[in-house]
Structure formats: C-alpha cells, structure tokens
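Q: I'm new to this structure and would like a close look at a single part. Could you pick out the metal site and walk me through what surrounds it?

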Amino acid sequence: MSEQSRKQLRKRIAIIAGGRCEYCRVLEYLTHYDFHIEHIIGLQHGGTSVASNLAYSCAWCNWKKGPNIATILGREGSLIPLFNPRTQNWFTHFEPNENGVLNGKSDIGKATIKLLELNHPERVDERFCMIQSGFYP
Ligand SMILES: [Zn+2]
C-alpha cells in the first residue's frame, strides 16, 4: 500500500469514527497525540487492512486490546467476543454514568470494558471531565 493510500485510508477511518476512539469514545482533538488505526480482527487471526476491519483507536485502547478478539467473563468462564465498532452500535453495549464510569449493557460491553480497562481511574477521570464539558458521550 502506498503512503498516499495509507493516508487516505487513515482519513477515511477517522471520518467514519467522527474523530473519536471507537472503543472508549474519547475525542482525538481533546488529547495530545494522534490516534492509531487498529485492526479489529488482528492480522494473526486472518484480519486484513481494509476499512471494514479497521477502527480509530486512542493509544490506550489500542495498547490494551492488542491482537485480542475476545476475553473470559464471569464465574462460568465464558469466552465473550470484544466489541466490533464496524458491525455493532456503541450505545447498545456501553453506557457512561454521570461520574464517568462506563457500564456494560451487554456481555460484549462488559468484556470490552474489562480487557481494555476502560474503568481505570485515569480513564474515569478523563471521561468525567469530558461529560462535565459536554463532550461526552
Ligand atoms: Zn480509546
């Protein structure tokens, strides 16, 4: 893929994402770094570098997610897939409360919150500030 094609794909994904991390919904312009283009299904799992398999991700979410596509949840140890921002609606699976804590509305939401540590104290503080400023969700 040429550098120009890579830049065009990045811009396309950023537009699809509305400039937000597609996992935690942080706005890129409120952070001090460029977001990553993340493979929803990692290359090692057969995923490809096409728009339908790429997500706009903050560094935290990309770092925590890595190549994972699922995690173990609950006492029964069920294997639950992670949220897929291309095929699923964020608001179906996640709901922030007024204090910035993200609640999982489904097992997929709960699994993603767990693996990506979306309720780490730093993430909750960040979300609380965005809620107070009217930038979230
Ligand atoms: Zn994020």
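A: Here is a walk that begins at the metal site and then moves out into the rest of the chain. Keep in mind that this is a predicted model.

Let's start with the metal. The zinc ion is held by the SG atoms of Cys 21, Cys 24, Cys 58 and Cys 61, at 2.3 Å. Seen from the zinc ion, those 4 donor atoms subtend angles of 103 to 116 degrees, so the arrangement is tetrahedral. Along the sequence, the donor residues follow the spacing C-x2-C-x33-C-x2-C. Cys 21 sits in the loop between α1 (3–17) and β1 (36–39), while Cys 58 sits in the loop between β2 (54–57) and α2 (59–65), so this pair ties together parts that are 37 residues apart in sequence. How much of these two cysteines is accessible? Cys 21 is buried, with a relative accessible area of 1%, and Cys 58 is buried too, at 0%.

Stay in the loop between α1 and β1 for a moment, where you'll also find Arg 25. Most residues other than glycine have a negative phi. Arg 25 isn't a glycine, yet its phi is positive, about 70 degrees. Its relative accessibility is 18%, which counts as buried because the cut-off is under 20%.

That loop holds Phe 35 as well, and its ring partner is Tyr 56 in strand β2, 21 residues apart from it. The two rings form a tilted aromatic pair, with 5.5 Å from centre to centre and 55 degrees between the planes. Both partners are tucked away: Phe 35 counts as buried at 2% relative accessibility, and Tyr 56 counts as buried at 3%. A search of the whole structure turns up 9 aromatic pairs. There's also an aromatic cluster, made up of Tyr 23, Phe 83, Trp 90, Phe 91, Phe 94 and Tyr 136.

Next comes helix α2, home to Lys 64. Is Lys 64 buried or exposed? With a relative accessible area of 19%, Lys 64 is buried. Leaving aside neighbours within four places in sequence, Lys 64 is in contact with Leu 115, Leu 116 and Glu 117.

Those contacts lead us to helix α4 (residues 107–115), where Ile 108, Gly 109, Ala 111, Thr 112, Ile 113 and Leu 115 are buried. What do they pack against? The buried residues of α4 pack against α2, β3 (70–73), β4 (78–81), α3 (90–93), β5 (94–96) and β6 (102–104). After α4 comes Glu 117, which lies in the loop between α4 and α5. Glu 117 is another residue other than glycine with a positive phi, near 50 degrees. At 34% relative accessibility, Glu 117 counts as partly exposed.

Carry on into helix α5 (residues 121–133) and you'll meet Ile 131. Ile 131 is partly exposed, with a relative accessible area of 21%. Not counting residues up to four places away in sequence, Ile 131 touches Pro 96, Asn 97, Glu 98, Gly 100 and Tyr 136. Take Asn 97: it is 34 residues from Ile 131 along the chain, and their C-alpha atoms are separated by 9.3 Å.

Tyr 136, a member of the aromatic cluster, has one more thing to show. Most peptide bonds are trans. The bond from Tyr 136 to Pro 137 is cis, with omega near 0 degrees. Pro 137 belongs to the segment after α5.

Now step back and look at the whole chain. It has 5 helices and 6 strands, running in the order α-β-β-α-β-β-α-β-β-α-α. The radius of gyration is 15 Å, which agrees with the value near 14 Å for a compact globule of 137 residues. The C-alpha atoms fill a box of roughly 45 × 40 × 20 Å along the principal axes. Of the 137 residues, 42% count as buried. Among contacts between residues at least 6 apart in sequence, 57% join residues at least 24 apart. On the outside, the chain exposes about 7,600 Å², with carbon and sulfur atoms supplying 54% of it.

Key: Residues numbered from 1 in each chain as written. Predicted model: local features only at pLDDT ≥ 70, side-chain atom pairs only at ≥ 80, totals over all residues. Heavy atoms only, no water. Donors = N, O, S within 2.8 Å, 3.2 Å for Na, K, Ca; no water. Tetrahedral: all angles 85-135°; square planar, octahedral: opposite > 155°, others 65-115°. Helix = DSSP H or I, 4+ residues; strand = E, 2+ residues; numbered from the N terminus. Buried < 20%, exposed > 50% of the residue type's maximum accessible area, 1.4 Å probe, protein only. Rg over C-alpha atoms; globule rule 2.2 N^0.38 Å. Contact = heavy atoms within 4.5 Å. Areas by Shrake-Rupley, 256 points an atom, 1.4 Å probe, with all protein chains shown as cover. Phe/Tyr/Trp six-rings, centres within 6.5 Å; stacked < 30°, edge-to-face > 60°.
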